[in-house]
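User: Please take a close look at the helix packing and the nonpolar core of this model, and describe how the parts are arranged.

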Amino acid sequence: MSTATTQPSGPRGLGDRLLNGVERLGNKLPEPFMLFLVLFLITGLVSTGMALADVSVTVPGTDEPTVIKGLFTGEGLTWLTSSLGENYVGFPPLKTVLPILLAIGIAEHSGMLSAAVRKLFGSSPAWLLPYVVGLVGVVSSIMADSAFVVVPPLAALVFKAAGRHPVAGLLGGFAAAGAGYSTNLFPTSLDALFAGITTSVMGALPGYEFDPVNPVSNWWFNIASSIVLGIVAGFIIDRILEPRIVREGIPRDEIATDSDATDRADAEQMRAELDPKENRGLLIAVLAAVVLTAVLLVAVLPSGSPWRNEEGGFLPKSPLLDSIVFIVFIYFVVVGAIYGWMVGTLRTTKDAVAMMTNALKDMLPFLVLAFILGQFIALFNWSGIGSWIAVTGAAGLESIGLTGFPAIIGFMLLASFLNLFIISGSSMWAIMAAVFVPMFALIGYEPAFTQAAFRVGDSATQVITPMNPYMIVLLGMLRRYQPDAGFGTLMARMLPFVVPFWIFWAAILAVFFYLDIPLGPGNGIFIG
């Protein structure tokens, strides 16, 4: 006799139908490596056809036309066979992302980042908790994808301990971490990744003058975005999400499961409170960061500092800005290593090497993807197709008068739509940057500004798409309280975050745009 159970049938709601449609469409896309291999081959075929047709384009500000070169020609095939390794190793994000990733590995695997999150949660009064969860969730992208599995259960624990509904903390923490993933109060490996791609695609406009893009090119914009979005997230958790969960009568206690000893050990490690040793380690790490800041200021502030440029300043280019990767690296290494030493998680260089190795292991899928990304962007630039698209696209926008902020709004909406299907931020930015960064540069926008606009569209919708693998993880957590929850349930709970995040984030960008406020050190909105 069969013991299988059947799922209840009946009409599905609009949310379920939308999510199922997104999932079906997304599943038809190849995985990222194959997607870029297909794009590489398509670019090769198109470039060859244009080369045979003697297509050329003149980039504004240059005298000589750029002649399109084809991949499947003698010149193109010799280019590929002789530059394959350089296209990969020379892929700009690698030289910025990898050092920062090594340092963040020490800060994360020593326990310092998790301790900082737990400290902020555990020391907050009940009325302030939603806003702390909102801000910490937004900033938690510093831990990369770990944020999706660390922040939600911790938020649930502290909400329950404070007498608030744990499901509100669980879902609110996930929403803030996901919808605000592309911004942070601090420079992260994502900033380095985006900056590297942005710089590489500007090769489509050889000789074109623009402000260099580095990991802090969007820092001022990110700081403003993180604070505002953290407050918005807190308001939604406090005034919309939690009251609705209470009205629906969702249980406050987890339903008993057949958890094994490992699950119980993991739950113990996820406790919100820090023990005295962890508190002391976190305090000493913070003091070390203060001392390091003082040393940095003493080094760069004197008028004769070698980190100043020839004019004696720091902007728009200087050795100090060229040292951003080193500065971020040294901060994370120092605070992570000191915390690890104080709590006993890091005793020898062998421990540090193991932590950095684990960080690289987490990045291995990107290192494989970077191989084909590097080939794709290199072909885009070498063939001249990037230049042709930029010039013709910019001319098209100018001919219809769509060159102001409405064009940026359209770009952000496109990014939000594509984000439903392409969850990888690096993959989507590589595709969009290759087309839009040079195009918008030709109508007067700095590459760093186009990158900032992409951030708005890149994150908000990833908390309502089943293509996000961490939605499955969140659903499992939610079912401990609400066993009948499905993707439609998650979508309904996440939607109140998506639209406000998008609107407020776009409004922040509009303020920077219309007031012409620098986005970060040395990076403005308009070229020239």
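Analyst: What follows treats the core, then two helix pairs, and then one buried residue.

The model is predicted, and the description below should be read with that in mind. The largest nonpolar core holds 153 residues, and within this core Phe121, Met412 and Leu509 touch the most other members. The element that gives the most to this core is helix H21, spanning residues 487-515, with 14 residues. Around Phe121, once its neighbours within four places in sequence are left aside, the contacts are with Leu129, Val132, Val133, Val136, Val151, Leu154, Ala155 and Val158. Another core, of 7 residues, lies apart from the largest one, and its members include Leu71, Leu80, Ala378 and Leu379.

Helix H21 also packs against helix H19, which covers residues 447-459; the angle between the two is about 170°, and their axes are 9 Å apart. Because angles over 145 degrees count as roughly antiparallel, H19 and H21 are described as roughly antiparallel to each other. On the H19 side the contact is made by Phe449, Ala452, Ala453, Arg455, Val456, Gly457 and Ser459, while H21 contributes Trp502, Trp505, Ala506, Leu509 and Phe513. Leu509 thus appears in this contact and also among the residues that touch the most other members of the largest core. By residue class, the contact of H19 with H21 divides into 9 nonpolar, 2 polar and 1 charged.

The second pair consists of helix H9, residues 189-201, and helix H15, residues 349-383, whose axes come within 10 Å and cross at roughly 20°. Since an angle under 35 degrees counts as roughly parallel, H9 is roughly parallel to H15. Leu193, Ile197, Ser200 and Val201 of H9 meet Phe366, Ile377 and Asn381 of H15 in this contact. Its residues divide into 5 nonpolar and 2 polar, with no charged residue.

A last point concerns Val328, which is found in helix H14, residues 324-343. With a relative accessibility of 7%, Val328 counts as buried, because the limit for that class is under 20%. Apart from neighbours within four places in sequence, Val328 is in contact with Ile100 and Pro187. As for Ala177, which is 151 residues from Val328 along the chain, the C-alpha atoms of the two are separated by 21 Å.

Note on methods
Residues numbered from 1 in each chain as written. Predicted model: local features only at pLDDT ≥ 70, side-chain atom pairs only at ≥ 80, totals over all residues. Heavy atoms only, no water. Axes fitted to C-alpha atoms, helices over the stretch in contact; angles between N-to-C directions. Helix = DSSP H or I, 4+ residues; strand = E, 2+ residues; numbered from the N terminus. Parallel < 35°, antiparallel > 145°, perpendicular 65-115°, else oblique. Contact = heavy atoms within 4.5 Å. Nonpolar A, V, L, I, M, F, W, Y, C, P; charged D, E, K, R; others polar. Core = buried A, V, L, I, M, F, W, Y, C linked by side-chain atoms within 4.5 Å. Buried < 20%, exposed > 50% of the residue type's maximum accessible area, 1.4 Å probe, protein only.
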